[in-house]
Amino acid sequence: MKRIVTLLLVSFTVSLVAQNLTERTPVSFSSEPSTIEEFKSIQATTATTPEGGVAILVLAISLYGKNPELGRKAVVLSVISKNRQKSNKPTAIDGVDLGGSDSYLLGQLDKYKMLPNGYWKGAEPSNGYTPNLPLTVETYTNPYSGEESSGRIKLFVATKGASSYRPVTVEKDSDGLWRAKEMSSLYVGMMPAK
């Protein structure tokens with residue numbers, strides 16, 4: 001058992017070095033919101049940093065896995081405003097909805113059932129993607145991530161469900177909150193639960 005733990009630790013360390021990643025501050029949530037108003041409140045206090053913006057997207061994806069209607073609205077709010085479109089559909093929130101390609105990506109969550117929990121710390125194939133509490137998102141940068149001061153940066157979301165961490169580009173929106181600009185890698189399949 002000790003040898004397995006050592007091997008896993010070495011494997012994890014080699015992965016970080018190979019990708020030349022630098023850890024950002026982890027973001028944790030004590031629980032998931034049960035309403036869109038609760039989600040907005042959490043977003044307002046969390047998405048003030050790039051890693052907070054990414055964590056809010058992960059939270060929205062997780063919500064989608066439990067409640068697709070609430071989760072979709074949360075994902076819409078997690079995406080940069082210029083990527084949204086005006087809409088009066090029932091799926092819209094505050095008069096906007098996801099654009100076509102982002103809407104397609106969201107549909108991948110129905111196909112890959114492990115994705116909604118796959119980005120929380122502790123979630124891995126061997127435990128059926130059951131996360132540790134508090135729910136925590138770990139993000140990293142690499143030398144090509146860009147600078148936070150530019151208002152745009154690429155972060156890499158830790159996951160045990162894939163061989164490499166998943167990139168998400170976030171931008172500072174007009175209201176000062178960080179939101180996802182490019183997130184397609186979060187919707188790609190993962191290793192199946194064991």
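These notebook entries record what I looked up in a predicted model.

**Entry 1: the sheet**

I began with the strands. Five of them form an open sheet, and I noted the order as β1-β6-β7-β8-β9, with antiparallel pairing. β1 (22-23) and β9 stand at the edges; each has a single partner strand, so one side of each is left without a neighbour in the sheet.

**Entry 2: the strand pairs**

I then went through the pairs within the sheet. For β6 and β7 I found antiparallel pairing over two bridges. In this region Tyr-140 stands opposite Phe-156 of β7. β7 and β8 are also antiparallel, and I recorded six bridges between them. Here Ile-153 faces Val-170, which belongs to β8. For β8 (residues 166-172) and β9 the entry is four bridges, again in the antiparallel sense. I looked up the bridge partner of Glu-171 and found Arg-179 in β9.

**Entry 3: helix α3 over the sheet**

I next asked which strands α3 lies across. They are β6 (139-141), β7 (152-157), β8 and β9. Relative to β7, I noted that α3 runs at about 55°.

**Entry 4: Ser-62 in α3**

Within helix α3 I picked out Ser-62. Is this residue buried or exposed? Its relative accessibility is 0%, and the cut-off for buried is under 20%, so Ser-62 counts as buried. I listed the residues that Ser-62 touches, leaving aside those up to four places away in sequence: Glu-32, Pro-116, Asn-117 and Trp-120. With Glu-32 there is also a polar contact between the side chains, at 2.4 Å from Ser-62.

**Entry 5: the two sides of helix α2**

I turned to helix α2, which spans residues 36-46. Which of its residues are buried? I noted Ile-36, Phe-39, Gln-43 and Thr-46. These residues lie on the same side of α2, because they cover an arc of only 95° around the axis. On the other side of α2 I found Glu-37 and Thr-45 exposed.

**Entry 6: what covers the buried side of α2**

Finally, I looked up what covers the buried residues of α2. The elements include two helices, α3 (50-66) and α4 (68-78), and two strands, β2 (27-29) and β9 (178-182). Two of these names return from earlier entries: I had already recorded β9 as an edge strand of the sheet, and α3 as the helix lying across β9 among other strands.

Definitions and conventions
Residues are numbered from 1 along each chain as its sequence is written. This is a predicted model: local features need pLDDT of at least 70, side-chain atom pairs count only at pLDDT 80 or more; totals for chains, interfaces and linings use all residues. Side-chain values use heavy atoms; hydrogens and water are left out. Buried means under 20% relative accessible area, exposed over 50%, partly exposed in between (1.4 Å probe, protein chains only). The arc is that of the directions from the helix axis to the C-beta atoms. Contact means heavy atoms within 4.5 Å. Two strands pair if DSSP finds at least two bridges between them. Axes are lines fitted to C-alpha atoms, for helices over the stretch in contact, and angles run from 0 to 180 degrees between N-to-C directions. A polar contact is a pair of N or O atoms within 3.5 Å; within protein, one must be able to donate a hydrogen and the other to accept it, and residues adjacent in sequence count only if both atoms are side-chain atoms.
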